Amino acid sequence: MNAQLLLVATIVLPLLSAALVLMLRRRPDVAAAAGTAAAQLAALAGIGLLAEAPPWRSGRDVVEVDVAWLGLLGSRLHLGWDAITAPLVVLTSVVGALSCLYLWFSGDDAQPGETTGKPPHPVLLALLWVT
């Protein structure tokens with residue numbers, strides 16, 4: 001798979017899933033399932049990017065995305081994947097996925113160590129993605 005596509009996916013998937021979760025907040029079970037699935041996909045994208053473009057190959061950016069974003073304002077979207085950003089991206093995506101799984105299995109009002117079977121509140125998932 002293309003490493004640039006995986007790099008963009010690690011950014012876009014959490015943003016789109018947060019918007020989807022907020023739109024589906026009246027259906028908490030569907031919203032929680034969608035948010036958890038998107039978290040798993042983002043984690044897979046981060047791990048896939050690590051496998052596709054190991055940052056220890058060179059001393060500079062291994063993967064770089066640089067495209068015009070808002071042409072009238074002269075702004076550009078510039079993303080880079082190097083030895084400093086790689087562990088941060090992978091750590092954030094994996095911790096986000098594990099947190100969503102924890103929220104999914106614990107529910108809103110579960111006591112420590114017990115499972116209620118209720119899906120987490122969608123706003124919790126959306127806040128998790130935005131942070």
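In this predicted model, T36 is buried, with a relative accessible area of 9%. That value is under the 20% limit, so the residue counts as buried rather than partly exposed. T36 belongs to helix α2. Leaving aside residues up to four places away in sequence, the contacts of T36 are with C100, L101 and W104.

Helix α2 also appears in the largest nonpolar core, which has 13 residues. Within this core, the residues with the most contacts are A3, L7, L49, A53, V63 and W81. Two or more residues each are given by α1 (3–23), α2 (28–52), β1 (63–70), β2 (75–81) and α3 (85–106). Helix α1 provides the largest share, with four residues. A good place to begin exploring the core is A3, which touches L49, E52, A53 and V63 when residues up to four places away in sequence are not counted. As general background, nonpolar side chains tend to be buried together in soluble globular proteins.

The two strands deserve a visit of their own. Strands β1 and β2 run antiparallel and are joined by seven bridges. Together they form a hairpin, with four residues between them. In the turn, G74 has a positive phi of about 75°. One of the pairings across the hairpin joins V67 to L77, its bridge partner in β2.

V67 and L77 meet again in a nonpolar surface patch of about 700 Å², made by these two residues along with W69, L70, L72 and L73. Strand β1 gives the most to this patch, namely three residues. L77, for its part, lies in strand β2 and has a relative accessible area of 31%. This places L77 between the 20% and 50% limits, so it is classed as partly exposed.

The hairpin strands also hold a charged pair. A search of the whole structure finds one salt bridge, in which the side chains of R76 and D66 meet at 3.1 Å, N to O. The pair links distant parts of the chain, with R76 in strand β2 and D66 in strand β1, 10 residues apart. In general terms, side chains of opposite charge can pair when their charged atoms come close. How accessible are the two partners, R76 and D66? R76 is partly exposed, at 48% relative accessibility, and D66 is also partly exposed, at 39%.

Technical notes
Residues numbered from 1 in each chain as written. Predicted model: local features only at pLDDT ≥ 70, side-chain atom pairs only at ≥ 80, totals over all residues. Heavy atoms only, no water. Core = buried A, V, L, I, M, F, W, Y, C linked by side-chain atoms within 4.5 Å. Buried < 20%, exposed > 50% of the residue type's maximum accessible area, 1.4 Å probe, protein only. Contact = heavy atoms within 4.5 Å. Patch = residues over 30% accessible without salt bridge, like charges linked within 9 Å, V, L, I, M, F, W, Y side chains within 5 Å. Areas by Shrake-Rupley, 256 points an atom, 1.4 Å probe, with all protein chains shown as cover. Salt bridge = Lys/Arg side-chain N within 4 Å of Asp/Glu carboxyl O. Pairing = 2+ DSSP bridges.
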